[in-house]
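This report follows one residue and its surroundings, then moves outward to the strands and the nonpolar core.

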Amino acid sequence: MTRAMALVAVLLLAGCASPVVTRVDASAPAPLPRAASFALAPLPEDIGPLPGQARDMVAAGLRQRGWSQVEQGDYLLAVTLAERPATITLAAGDDFGKPAGTLAPAADRSNNKGCARSDHRLTITLTERASGALVYAGSASEFHCKAALNDTLPHLVAAAVDRLDSGGGRVQFAREGVR
């Protein structure tokens, strides 16, 4: 009886011990300058504190990379933060309703190593102010069971900002943390 209970406890804890998989998807048509200036896109007034905190953390990451934050910067920085059920796939379509691609997959064995109830996603975009051209778009996301969005925010910011130097592409990496 004791061995059976111990086995059940080990199996239950195994889901919590699996690593957190961070998925990063970025696109940049051309390399970004090492140091440039940026301005912050305004946030809606009717949202909670987390989107503003996310934007401030991304701005701090850019400043640490040598970028300067000024009111009329070369680039406009926009940051979005979202949490959705992990069972939902977000797909993009064209103007005629035909599927054009997957924006965010549902949790499965290829992108998740354990329990997944929600998907935490941070997206950053840099738009050239003079031309209106999108020069960088990147998102970092993780599936979670118990972790709150504010707990995962520092990891999402670091992953998204780190891809600025790497240009485009998709990567996945595992980290230790609360699932």
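L156 sits in helix α3, which covers residues 149-162. The model is predicted. L156 has a relative accessibility of 0%, so it counts as buried, the limit for that class being under 20%. Beyond its neighbours within four places in sequence, L156 is in contact with H120, R121, L122, A140, S141 and E142. One of these, A140, is 16 residues away along the chain, yet the C-alpha atoms of L156 and A140 are separated by 5.4 Å.

H120, another residue in contact with L156, belongs to strand β7, residues 118-128. With a relative accessible area of 0%, H120 is buried too. The side chain of H120 makes a polar contact of 3.2 Å with the side chain of E83. Not counting residues up to four places away in sequence, H120 touches A82, E83, A140, S141, E142, H144, A147, A148, L149, T152 and L156.

Strand β8 spans residues 134-144, and ten of its eleven residues are buried. The table lists the strand pairings of β8.

| Strand paired with β8 | Sense | Bridges | Opposite residues |
|---|---|---|---|
| β1 (residues 20-27) | antiparallel | six bridges | R23 and S141 |
| β7 (residues 118-128) | antiparallel | ten bridges | L122 and A140 |

Two of the residues in contact with L156, L122 and A140, thus stand opposite each other, with A140 in β8. S141, also in contact with L156, stands opposite R23. β7 and β8 form a hairpin with five residues between the strands, and G132 takes a positive phi near 80° there.

What about the nonpolar residues? In soluble globular proteins, nonpolar side chains tend to be buried together. Here the largest nonpolar core has 28 residues. V58, W67, L77, L122, I124 and L126 have the most contacts inside this core. The elements that give two or more residues to the core are β1, α2 (49-64), β4 (75-85), β7, β8 and α3. Among these elements, α3 provides the largest share, seven residues.

W67 and L122 are both among the core residues with the most contacts. L122 is in contact with L156 of α3. W67 touches L32, P33, R34, A35, A36, S37, F38, L62, Y75 and L126, leaving aside residues up to four places away in sequence. Of these, L126 is likewise named among the core residues with the most contacts.

Methods: Residues are numbered from 1 along each chain as its sequence is written. This is a predicted model: local features need pLDDT of at least 70, side-chain atom pairs count only at pLDDT 80 or more; totals for chains, interfaces and linings use all residues. Side-chain values use heavy atoms; hydrogens and water are left out. Helices (H or I, at least four residues) and strands (E, at least two) are DSSP runs, numbered from the N terminus. Buried means under 20% relative accessible area, exposed over 50%, partly exposed in between (1.4 Å probe, protein chains only). Contact means heavy atoms within 4.5 Å. A polar contact is a pair of N or O atoms within 3.5 Å; within protein, one must be able to donate a hydrogen and the other to accept it, and residues adjacent in sequence count only if both atoms are side-chain atoms. Two strands pair if DSSP finds at least two bridges between them. A nonpolar core is a set of buried Ala, Val, Leu, Ile, Met, Phe, Trp, Tyr and Cys residues joined through side-chain atoms within 4.5 Å.
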